[in-house]
Amino acid sequence: AINIGGGFQGADPDIVNARTTSVDAGASITADAGHAGDGGTVVLWSDKTTQFAGSISAHGGADAGQGGFVEVSGKKLLDFTGAVNLRAPMGRAGTLLLDPYNLTIASTGGNIAGTDATTDDSVLTVSALQSALDAGNVLVTTGSSGSQAGNITVANSISWLSENTLTLRAANDIAIN
């Protein structure tokens with residue numbers, strides 16, 4: 001397992017959580033299987049803001065195995081613009097977990113300037129979500145803490161051609177506009 005900024009959902013007592021985590025474009029994290037085996041586990045976490053523009057690969061083996069598991073979460077805010085490969089040529093695709101507080105899925109947007117949030121709600125672009133769905137299953141969950149209720153808003157249409165699934169789990173409401 002690869003843990004950057006914390007463990008699964010920031011709850012691993014053996015790993016100190018980062019306040020902010022940033023993975024720049026051009027950076028790559030790899031937890032691939034070889035010829036046979038399942039892809040690995042990668043967790044990117046922060047207690048405040050996580051910015052992810054790089055790439056993560058946790059694909060299954062070329063001859064056998066399932067895709068891995070990747071979590072990219074900012075407990076408060078998430079800026080996800082990177083790429084994740086969870087394919088498995090001979091098995092089932094893996095899962096990407098995105099886990100901020102409030103989240104809007106929209107055609108355009110962004111709410112991070114430098115390492116600071118410009119609004120309270122995270123924005124996931126439709127294009128980033130579609131790319132993720134082409135390469136694996138996507139689970140979007142929200143928590144509720146402080147002034148955020150944990151809502152998910154789908155502001156624009158989403159479509160994809162793969163057999164991978166999109167699951168939305170909100171601590172509060174899911175609004176599909």
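Two strands count as paired if DSSP finds at least two bridges between them, and this rule is applied below to a predicted model.

**Exercise 1.** Determine in which sense strand S15 and S17 pair, and over how many bridges.

*Solution.* Begin with strand S15, which covers residues 137–141 and pairs with S17 in the parallel sense over four bridges. Since the rule asks for at least two bridges, the four bridges between S15 and S17 satisfy it. Next, look at individual positions: Leu139 of S15 stands opposite Thr167 in S17, while the bridge partner of Thr141 is Arg169. Then turn to S10, which also pairs with S15 in the parallel sense over four bridges, and here Leu97 stands opposite Leu139.

**Exercise 2.** Place these strands in their sheet by stating the order of the six strands and naming the edge strands.

*Solution.* The sheet is open, its pairing is parallel, and its six strands follow the order S1-S4-S7-S10-S15-S17. At the edges lie strand S1 (2–4) and strand S17 (166–169), each of which pairs on one side only. Averaged over the sheet and with direction ignored, neighbouring strands are turned by 10° against each other.

**Exercise 3.** Decide which residues of S15 point one way and which the other, and whether they are buried or exposed.

*Solution.* The general rule to start from is that in a regular strand the side chains alternate between the two faces of the sheet. In S15, Asn137, Leu139 and Thr141 point one way, whereas Val138 and Val140 point the other way. For the second part, a residue is called buried when its relative accessible area is under 20%, and five of the five residues of S15 are buried, so that the strand is described as mostly covered. As a last step, consider helix H1 (residues 126–135), which lies across strand S10 (95–98), S15 and S17 and runs at about 135° to S15.

**Exercise 4.** Locate Arg19, and work out whether Arg19 is buried or exposed and which residues it touches.

*Solution.* Arg19 is found in the loop between S1 and strand S2 (20–23). Its relative accessible area is 60%, and because the cut-off for exposed is over 50%, Arg19 is exposed. Leaving aside residues up to four places away in sequence, Arg19 touches Ser46, Asp47, Lys48 and Thr49. Finally, although Arg19 and Lys48 are 29 residues apart along the chain, their C-alpha atoms are separated by 5.3 Å.

How values were computed
Residues numbered from 1 in each chain as written. Predicted model: local features only at pLDDT ≥ 70, side-chain atom pairs only at ≥ 80, totals over all residues. Heavy atoms only, no water. Helix = DSSP H or I, 4+ residues; strand = E, 2+ residues; numbered from the N terminus. Axes fitted to C-alpha atoms, helices over the stretch in contact; angles between N-to-C directions. Contact = heavy atoms within 4.5 Å. Buried < 20%, exposed > 50% of the residue type's maximum accessible area, 1.4 Å probe, protein only.
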